[in-house]
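This briefing is intended for a reader who has the sequence and the model at hand. Please consult both while working through the topics below.

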Amino acid sequence: MIKNKTTVRIRYAETDQMGVVYHGNYAQFLEIGRTELLRSIGVTYKNMEKTGVILPVITLSCNYKKSALYDDEITITTLLKKTPTVKIEFDYKITNQHNELIATANTILAFVNKDTKKPIRCPEYILQKL
């Protein structure tokens, strides 16, 4: 449906003593990918929260294929799979500067009312931008 690419350079703080990216940091890379995809269509988390909508992650899966290393330049390709309802789902592919596959991943997030903490349908203003 919608695809976006974002490039990030691996910082020293994101690696272990061997210069390999710590696996827990991939969740942050996925967040970068999806926030930049949404920003590319004119939707920001900041504005969503101002309208009373939050997007907690309810599912995250990541398949590691190759290590990302200190100072690598990775590209996070994010794909919005289908029109969101109460949930929004993203697929990801992370590659390095040599176009080698580092990881694939998937996240599902729920649209939630900020005050009641109850699930809601995807806001109409987001659907219009899609």
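A residue counts as exposed when its relative accessible area is over 50%, as buried when that area is under 20%, and as partly exposed in between. By this criterion N99 is exposed, because its relative accessible area is 61%. The model is a predicted one. The points below cover a helix, a strand pairing, positive phi angles and salt bridges.

**Helix α1**

- Helix α1 comprises 15 residues, from 26 to 40. At 1.5 Å a residue it should span 21 Å, and the C-alpha atoms at its ends are indeed 21 Å apart, so the expected and modelled spans agree.
- The buried residues of α1 are Y26, F29, L30, G33, R34, T35, L37 and L38.
- These buried residues of α1 pack against one helix, α2 (45-50), and against the strands β1 (2-9), β3 (57-64), β4 (73-80), β5 (87-95) and β6 (101-110).
- Just after α1, residue G42 adopts a positive phi of about 90°.

**Strand β1 and its partner**

- Side chains alternate along β1: one face carries I2, N4, T6 and V8, which are buried. The other face carries K3, K5, T7 and R9, which are not buried.
- Strands β1 and β4 run antiparallel and are joined by eight bridges.
- Within this pairing, T7 has T75 of β4 as its bridge partner.
- Strand β1 thus appears in two settings, because the buried residues of α1 pack against β1 among other elements, and β1 is also bridged to β4.

**Positive phi outside glycine**

- N99 has a positive phi, near 65°, although N99 is a residue other than glycine. This residue is found in the loop between β5 and β6.
- K117 likewise is a residue other than glycine with a positive phi, in this case near 60°. It lies in the loop between β7 (112-113) and α3 (124-129).
- K117 is classed as exposed because its relative accessible area, 54%, is over the 50% cut-off.

**Salt bridges**

- A search of the whole structure yields eight salt bridges.
- One of them joins the side chains of R9 and D71, with an N to O distance of 3.7 Å. This pair links distant parts of the chain, since R9 belongs to strand β1 whereas D71 sits in the loop between β3 and β4, 62 residues apart.
- Both partners are partly exposed: R9 has a relative accessible area of 43%, and D71 has one of 39%.
- Another salt bridge joins the side chains of K81 and D91, at 3.4 Å from N to O. K81 is in the loop between β4 and β5 and D91 is in strand β5, 10 residues apart.
- K81 is partly exposed at 41% relative accessible area, and D91 is partly exposed at 24%.
- K82 forms a salt bridge with E89, whose closest N and O atoms are 3.6 Å apart. E89 counts as buried because its relative accessibility is 15%.
- K81, K82, E89 and D91 belong to one network, joined by salt bridges that share partners.

Technical notes
Residues numbered from 1 in each chain as written. Predicted model: local features only at pLDDT ≥ 70, side-chain atom pairs only at ≥ 80, totals over all residues. Heavy atoms only, no water. Helix = DSSP H or I, 4+ residues; strand = E, 2+ residues; numbered from the N terminus. Expected span 1.5 Å × (residues − 1). Buried < 20%, exposed > 50% of the residue type's maximum accessible area, 1.4 Å probe, protein only. Contact = heavy atoms within 4.5 Å. Pairing = 2+ DSSP bridges. Salt bridge = Lys/Arg side-chain N within 4 Å of Asp/Glu carboxyl O.
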